[in-house]
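Work through the exercises below with the sequence and the model at hand. Each task is followed by a solution in steps.

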Amino acid sequence: MISRISMLALLFVSLLCLREIAAQELYVVPQQPLSLTRSPIQTAKLNPKGDLLAVAGAEKSIKILDGATLKERVTLTARSGRIMALAFSRDGKYLISAGGDGLITLWSVPDGALLKEFSAHGDGLGVRSLDIDAAGKIVSGGGDGETKLWGIGSDDIMGIFPKETNESEVLSVAFDATARYVAAASADGTVRIFDPQIYLVVQTLTEHKDKVTALAYSINGKYFATGSADSTIRIWDAQRYTLLQTLRANSGAITSLSFHPTNPWLASTANGIKIWDASTGALRKTIADSGKSYTVAIFSPDATTLIAATAAGGVESFTVLARKPDKEPPILLVQKPIMKESEPYKLYASEIEISGVAADESGVRDVSVGGFTQSLTEVPTIELSKLGLKVPGKQFLATAQLPTVGLNDISVAATDERGNTSTKSIRVQRLAKESAVEIINPKENIETNELSMSLQFKVWFEYTRYTITLNTIEIVNKGNLPRKSVGALHVESLSLSAGFNQIQLVVHGKGGEKISKILNVTRQVLSGPVASQPDKPMRGSSGQPQRWAVIIGISEYGNPTIRNLNYADRDAHDFAEFLKSTAGGGFEPDRMKILLNKEATLQNIKQALYNFLRQTVDKDLVVIYFAGHGAPEPANPSNNYLLTYDTDPNSLETSAFPMWDVNTALTRYIPSKRVVVFSDACHSGGISSDIATRGVSLAETNLINQYLADLSKSKEGTIVFTASQAGEVSQELDKFGHGVFTYYLLQGMKGEADINNDYTVTIGELMDYVEESVKRQTKGNQHPTRNQGTYDRDLTISLIPH
């Protein structure tokens with residue numbers, strides 16, 4: 001435990017530290033001194049405005065000086081003896097002087113005309129001190145020991161304050177701040193407080209042991225100061241006249257006292273000048289010069305100037321401030337955006353977030369961004385330390401507009417409490433959409449013999465995720481990434497296929513932006529050692545997704561009772577050929593199962609869906625295409641089937657492919673979570689002589705497409721797009737040589753569906769295009785249908801070489 005003595009010692013040290021802080025030295029700068037006379041200046045007064053200074057010494061003359069420059073404006077010559085006291089009227093129109101012969105003289109200001117003079121105290125005893133209140137009443141103290149009250153407009157005495165027997169001369173008099181009381185200091189060390197209304201003593205202060213030579217009241221009426229010949233200064237409560245502080249000015253009589261107009265500072269002269277804090281008694285500044293003896297010091301009403309007179313007949317002024325003037329602008333740190341020297345900050349946006357810290361010893365008054373004042377919050381000291389700042393600081397956060405594409409200059413300005421301002425210009429290059437994503441490597445349309453390459457790019461806006469698709473296969477999908485600064489370099493490694501490769505980068509912005517970039521890279525197949533390397537790496541060596549497809553098209557059925565179709569096999573063939581092309585994604589033949597007509601048996605279809613596609617993994621892309629007939633079981637219409645080449649219409653349950661087995665394949669045998677199903681199948685009879693439909697019964701309601709559409713609900717990531725709605729038929733047209741649905745499907749994948757002209761066809765674009773085109777071509781009789789669940793509209797389905 002800490003002992004009681006230790007605690008007291010700690011408290012004492014803390015108090016000393018607080019006293020030391022309170023006694024921080026004032027900032028004082030001397031100005032050019034001016035020599036006026038060869039005799040000591042004994043008295044000096046400033047007028048209420050502080051623009052005129054009257055000084056007098058041993059000579060009979062009074063000099064009136066400019067309060068700012070201290071240059072002489074006029075000299076007054078008195079008929080009385082040595083001038084011992086001066087006072088300006090509170091309105092500044094009059095100067096009152098008094099001399100050793102007891103005369104009081106009234107002068108007009110600033111012309112210096114002598115208006116009147118009268119005898120106030122006995123000749124030879126003289127007037128030692130003067131003061132005047134706002135009503136024009138003059139109080140005078142004389143060598144005869146009397147304190148008298150006069151009217152400024154008359155030489156008739158208004159009253160005499162009582163004095164004690166054998167009272168010594170009155171050396172200083174003063175009205176308090178409200179003229180309610182008059183203080184008179186005597187050579188016997190007493191200070192009497194009079195009520196000028198009743199001319200009685202209300203308080204007698206006897207603490208001084210030597211003659212009291214100077215008095216002063218603070219302007220705010222809080223403090224009363226008395227100074228004596230023994231260098232002692234006492235500070236009193238000006239309301240109750242209780243003693244607050246006793247100060248010692250080292251040596252010499254106190255010849256003047258003056259309070260600062262706004263601060264609790266008291267200036268005293270006793271050879272040198274000392275400035276005290278009346279509230280604490282702390283010495284705030286000593287002004288001493290071995291070659292000078294100061295006789296008077298007066299604070300100017302401007303609150304920054306102290307004027308002093310010397311025993312050598314000179315005057316000078318000092319600038320007095322609580323601290324050194326803060327001429328340094330505040331520290332301004334812009335933390336966001338992070339700027340590079342001499343380079344504009346690049347950004348794809350219509351506005352930019354700007355944040356930072358402004359710090360200054362005197363405090364930060366305001367911060368403006370783009371001309372608009374921002375709200376500020378205090379920054380904790382520990383956070384300022386991390387920034388290397390040792391002065392108080394405030395944080396700002398603003399959003400500035402970027403009105404034009406190109407260069408935008410935004411001004412950030414911080415102003416401290418002293419009016420000093422720091423400014424920084426943030427130059428922002430607002431990018432157009434085509435520059436929002438910058439590809440660093442590779443260059444467009446390059447050729448290489450490397451098996452892999454790095455994609456390097458910069459994103460010039462805040463993003464949430466990005467995807468990279470290589471030949472229609474999404475190989476990178478990164479979201480919720482650690483936040484990177486705008487313009488940071490991203491690097492992704494890509495394995496290239498032999499021949500043409502199309503790379504698509506899609507960046508999704510924080511504000512909903514979607515920016516796509518497409519690059520074409522050709523990997524050359526060279527002879528020699530390079531050619532001996534495997535073109536198709538085994539699963540796991542590249543780690544990249546693969547493309548798989550099962551394509552089924554049946555126009556010719558083995559059973560003559562099933563009506564043949566015209567173009568189902570051609571639809572399937574052309575769809576498969578497109579998938580093999582670069583635009584279709586360059587599907588490898590050994591990852592495709594194409595079943596046309598006689599090959600599309602029940603057994604082969606099961607093997608394709610159950611076994612062949614079982615080789616896929618979750619990130620692979622699987623495309624399933626079917627063109628042909630579908631039909632319900634006659635005895636149980638809710639059981640629907642896809643008709644295979646070897647289907648017996650009289651025994652669908654054993655010879656056709658049940659629709660529920662499609663669901664079984666998707667959920668049990670196909671690991672991929674990215675499956676796209678295209679179906680150009682329904683059932684009905686002929687409609688007209690030039691239009692054929694795919695199916696076997698006109699009367700039955702089409703449930704095949706409805707069942708297929710519902711497949712998307714059975715497995716996440718499944719997209720199903722069917723040729724028509726329930727109750728509709730899928731038409732074939734001779735002029736196309738295709739089913740209408742497949743014709744527009746192929747046209748869309750070849751580029752017609754590229755609505756935004758980014759050389760990429762997404763599944764969303766494709767379905768929008770096919771739905772509208774088929775509906776128009778069939779005059780509203782056929783409506784392609786997509787699944788209504790959640791799917792990725794941005795899934796790349798084909799690329800357009802350019």
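**Exercise 1. State the secondary structure content and the burial of the protein chain.**

Step 1. The chain contains nine helices and 59 strands, where helices (H or I, at least four residues) and strands (E, at least two) are DSSP runs numbered from the N terminus.
Step 2. The model is predicted: local features need pLDDT of at least 70, side-chain atom pairs count only at pLDDT 80 or more, and totals for chains, interfaces and linings use all residues. Residues are numbered from 1 along each chain as its sequence is written, and side-chain values use heavy atoms, with hydrogens and water left out.
Step 3. Of the 802 residues, 51% are buried (buried is under 20% relative accessible area, exposed over 50%, partly exposed in between, with a 1.4 Å probe and protein chains only).
Step 4. Take contacts (heavy atoms within 4.5 Å) between residues at least 6 apart in sequence: 58% of them join residues at least 24 apart.

**Exercise 2. Locate Q32 and decide whether Q32 is buried or exposed.**

Step 1. The loop between β1 (27–30) and β2 (34–35) holds Q32.
Step 2. The relative accessible area of Q32 is 67%, so Q32 is exposed.
Step 3. Along the chain Q32 and S317 are 285 residues apart, yet their C-alpha atoms are separated by 7.3 Å.

**Exercise 3. Find the residues with the most contacts inside the largest nonpolar core.**

Step 1. A nonpolar core is a set of buried Ala, Val, Leu, Ile, Met, Phe, Trp, Tyr and Cys residues joined through side-chain atoms within 4.5 Å.
Step 2. The largest such core has 87 residues, and F575, F678, L745 and L766 have the most contacts inside it.
Step 3. Leaving aside residues up to four places away in sequence, F678 touches F575, V623, I624, Y625, F626, F721, L745, I763, L766 and I797.
Step 4. A separate second core has 34 residues, L595, V622, F657 and M659 among them.

**Exercise 4. Which residues of helix α4 are buried, and what covers them?**

Step 1. In α4 (residues 602–611) the buried residues are L602, I605, A608, L609 and Y610.
Step 2. An α-helix has 3.6 residues a turn, so residues three or four places apart point the same way.
Step 3. The cover over the buried residues of α4 includes β47 (547–553), β48 (592–596), β49 (621–633), α5 (652–655), β51 (657–658) and α6 (659–669).

**Exercise 5. Describe the lining of the largest cavity and the lining of the second largest cavity.**

Step 1. A cavity is a set of points, on a 1 Å grid over the protein atoms alone, where a 1.4 Å probe fits but cannot get out; lining residues have an atom within 4 Å of a point.
Step 2. There are five cavities of 30 Å³ or more, and the largest holds about 170 Å³ of space (grid points are joined across faces, edges and corners, and a volume is the space filled by probe spheres set on the points).
Step 3. The largest cavity has 14 lining residues, with L609, I624, F626, L642 and V662 nearest its centre. α6 gives the most to this lining, three residues.
Step 4. This lining has 13 nonpolar, one polar and no charged residues (Ala, Val, Leu, Ile, Met, Phe, Trp, Tyr, Cys and Pro count as nonpolar, Asp, Glu, Lys and Arg as charged, and the others, Gly among them, as polar).
Step 5. The second largest cavity holds about 100 Å³. T467, E474, D792, D794 and L795 are the closest to its centre among its 13 lining residues.
Step 6. The lining of the second largest cavity divides into two nonpolar, six polar and five charged residues.

Terms used:
On a 1 Å grid over the protein atoms alone, a cavity is a set of points where a 1.4 Å probe fits but cannot get out, and a pocket is an open set with protein on both sides within 12 Å along at least five of seven lines; lining residues have an atom within 4 Å of a point.
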